[in-house]
Every structure is written in structure tokens, then in C-alpha cells.
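Let's take a relaxed look around this one. Here are the sequence and the structure.

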Amino acid sequence: MKIAKNVSGAKSKISMMWKELKNLLKGVVSQRSAEIILAALEIKDRPVDIFAIANLLEVKVRTADTKDEVLLHFSEGNPTIFVRHDAPSVRQRFSVAHALGHLFLHSEDNNSNIYFSDASFNSNSIMEMQANRFAANILIPENELIELVENKTPKNQIANYFGVSEGVLSWQISDIL
Ligand SMILES: [Zn+2]
């Protein structure tokens, strides 16, 4: 795929890649967008390094002393994701993936100086469900999960392998199997 070649290219190409990725995802159902991004960025290691993906896309990630799970701040159109500083690492990883889901699926290109906060991910709104689905799919690629479950790998080992909580893993298993 053409986009993958740009990853190691000049920095100026990255924002172009971001636009290309977003275009690539237009009209794609959210279930598939995560796997398209993993393939395009050639992310093959597990657990998926969600911080590296944010970095590749020039999205800053910071910790914050906040009660919210994740905050998404646009300054002059540049996004920064803030995760709760005292959240467990699996939770921070999910938060970053969830926020990237909002960025890919719901943000406009001309955002400026807007703050989004996610107190929890349990809302029934369609956008929240889409961001959760995106997060689970980018951290737990479906085809790999199916193989591990079919091989009767213990759940805690699968959760460790993907760097997710067992709660998120169970949710993903019930959703795709
Ligand atoms: Zn959200």
C-alpha cells in the first residue's frame, strides 16, 4: 500500500499520510478501519504500540492529573491526547486507542482549540461505541484473536499478549466470536 512507504519518509510527509489515511477510511465501516491502519503503518509487533502509532501520526500523548479517562485537545488544529496519570497501563493504552478512534472517525480537519473529555467509555452513544470498537480492534486484531481462542490459549495470556485488560478482551471475544 502506498501509504506505508511514507512512514519512514520525511516528516513533512506525515501530515499528508494522516490525510491519506483519513481519506482511505471514508465510507469504511468502523470495524475495518483499525485493521486498515495497522496494515498501512505496517505495525506487526504485539502488543500493538499505540503510543508509537500516535507518534507516527504526530498526535502528542501526555499524562494528566485528571479524573477523566482521556481528554482530547486541539490547539490550532493539532491534537494532543491526555490520559489519566494514575490509570493502569492497559487502561492508558485503551484510552489512547479510543481517542485515536474519535480522531479518525469523528474529528473534522479544521478543529481548532476544542476540548473533548471522556469521563468514561460506557456511554451508549453511537460515537462512543464506535470509538470503543475502533480501540478494541486496533489493540486486538480480529484474525489473531480468533486463532488464539481456537488454540485454547488461556484468557489471561491472550490479554497479556495484546496488552489489554481481561474485561476489554472478553468484550471483544463476545463481539466477534
Ligand atoms: Zn469517547
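Where does E58 lie? E58 sits in the loop between α4 and β1 (60-64); helices (H or I, at least four residues) and strands (E, at least two) are DSSP runs, numbered from the N terminus. This is a predicted model, so to speak of local features pLDDT must be at least 70, side-chain atom pairs count only at pLDDT 80 or more, and totals for chains, interfaces and linings use all residues. Residues are numbered from 1 along each chain as its sequence is written.

E58 isn't a glycine, yet its phi is positive, and K152 is another such case. K152 belongs to the loop between α7 (142-150) and α8.

| Residue | Phi | C-beta neighbours within 10 Å |
|---|---|---|
| E58 | about 60° | 13, partly exposed |
| K152 | about 60° | 6, exposed |

The labels work like this: 20 or more other C-beta atoms within 10 Å means buried, 12 or fewer exposed, and in between partly exposed, with C-beta atoms placed from the backbone.

There's also a cis peptide bond, from R46 to P47, with omega near -5°. P47 is in the loop between α3 and α4. Most residues other than glycine have a negative phi, and most peptide bonds are trans.

Now for the inside. The largest nonpolar core (buried Ala, Val, Leu, Ile, Met, Phe, Trp, Tyr and Cys residues joined through C-beta atoms within 7 Å) has 35 residues, and V164 is among those with the most contacts inside it. The largest share of this core, eight residues, comes from α5. Leaving out residues up to four places away in sequence, V164 touches V90, F94, L139, I140, A159 and L169, where contact is C-beta atoms within 7 Å, placed from the backbone.

Technical notes. Two residues are in contact if their C-beta atoms, placed from the backbone, lie within 7 Å.
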